[in-house]
Amino acid sequence: MAINTQSYRRKLRSKQARVNLVPLIDVIFTILIFLMVTSTFQAASDNGSSGKPEVTDSSGSSEYYLIPVAGLEKVMVDGVDMSSYIRDSAIAVHTRVIDEGEIIIQPKKGTIIITTPAGMSPEDAVSIPQN
């Protein structure tokens, strides 16, 4: 009795698993609808909580803000080296510099370059942080 391998191979090829996508899509939509119906959503409170601080909000009368400079060794203000003003990995920068000037942080070089607004000296632009 001879074994017919060709018919056996044809049988194996014809019995390959086939995935029907229609029931899969039905199940996914059913889960999606269930999650949407059972979820609860809260309306955002209308008190201006956009994540940004309001301009009128202030937590003090400070003229300087602390900028962390961890890992940076050099602070240049209008071409003047002010690295000696760094204390406890921070430097105090005048609010006018933050509003009207420019602060460029170069982490690869370990440098902060500060450009002051017109009429402001480098000594007024930065300060040693006070404890």
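**Exercise 1. A charged pair**

In which helix do E100 and R96 both lie, and how many residues apart are they?

*Solution.* The model is predicted: local features need pLDDT of at least 70, side-chain atom pairs count only at pLDDT 80 or more, and totals for chains, interfaces and linings use all residues. Residues are numbered from 1 along each chain as its sequence is written, and side-chain values use heavy atoms, with hydrogens and water left out.

Step 1. Helices are DSSP runs of H or I with at least four residues, strands are runs of E with at least two, and both are numbered from the N terminus. E100 and R96 both belong to helix 3 (residues 95-100). They are four residues apart, about one turn of the helix.

Step 2. A salt bridge is a side-chain nitrogen of Lys or Arg within 4 Å of a carboxyl oxygen of Asp or Glu. The side chains of E100 and R96 form such a bridge, at 3.2 Å from N to O. The structure holds one salt bridge.

Step 3. Buried means under 20% relative accessible area, exposed over 50%, and partly exposed in between (1.4 Å probe, protein chains only). E100 is exposed because its relative accessibility is 52%; R96, at 29%, is partly exposed.

**Exercise 2. The overall pattern**

State how many helices and strands the protein chain has, and describe their order.

*Solution.* Step 1. The protein chain has four helices and seven strands.

Step 2. Along the sequence, they follow the pattern α-α-β-β-β-β-α-β-β-α-β.

Step 3. Of the 131 residues in the protein chain, 21% are buried.

**Exercise 3. Strand pairing**

Determine which strands pair and in which direction they run.

*Solution.* Step 1. Two strands pair if DSSP finds at least two bridges between them. Three strands make an open sheet in the order 1-4-7, with antiparallel pairing. Its edge strands, each pairing on one side only, are strand 1 (64-68) and strand 7 (126-127).

Step 2. Strand 4 and strand 7 are joined by two bridges, and A92 stands opposite S127 in strand 7.

Step 3. Strand 5 (residues 102-106) runs antiparallel to strand 6, with five bridges between them. I103 has I114 of strand 6 as its bridge partner. The hairpin of these two strands has four residues between them, and G110 takes a positive phi near 70° there.

Step 4. Strand 2 runs parallel to strand 6 through four bridges; K74 is partnered with T111. Strand 2 is also joined by two bridges to strand 3 (residues 80-81), in antiparallel fashion.

**Exercise 4. Nonpolar residues inside and outside**

Identify the residues that touch the most other members of the largest nonpolar core, and then locate a nonpolar surface patch.

*Solution.* Step 1. A nonpolar core is a set of buried Ala, Val, Leu, Ile, Met, Phe, Trp, Tyr and Cys residues joined through side-chain atoms within 4.5 Å. The largest has 15 residues, of which V69, V75, V77, I91, V93, I114 and V126 touch the most other members. Strand 2 (74-77), strand 4 (90-94) and strand 6 (111-115) each supply at least two residues of this core.

Step 2. In soluble globular proteins, nonpolar side chains tend to be buried together.

Step 3. Patches are made of residues with over 30% relative accessible area and no salt bridge, like charges being joined within 9 Å and nonpolar side chains (Val, Leu, Ile, Met, Phe, Trp, Tyr) within 5 Å. Accessible areas come from the Shrake-Rupley method with a 1.4 Å probe; for residues, only the protein chains shown count as cover. One nonpolar surface patch, whose members include V19, L21, I25 and V37, has about 1000 Å² of accessible area together.

Step 4. I25 is located in helix 2 (residues 21-38) and is partly exposed, at 40% relative accessibility.
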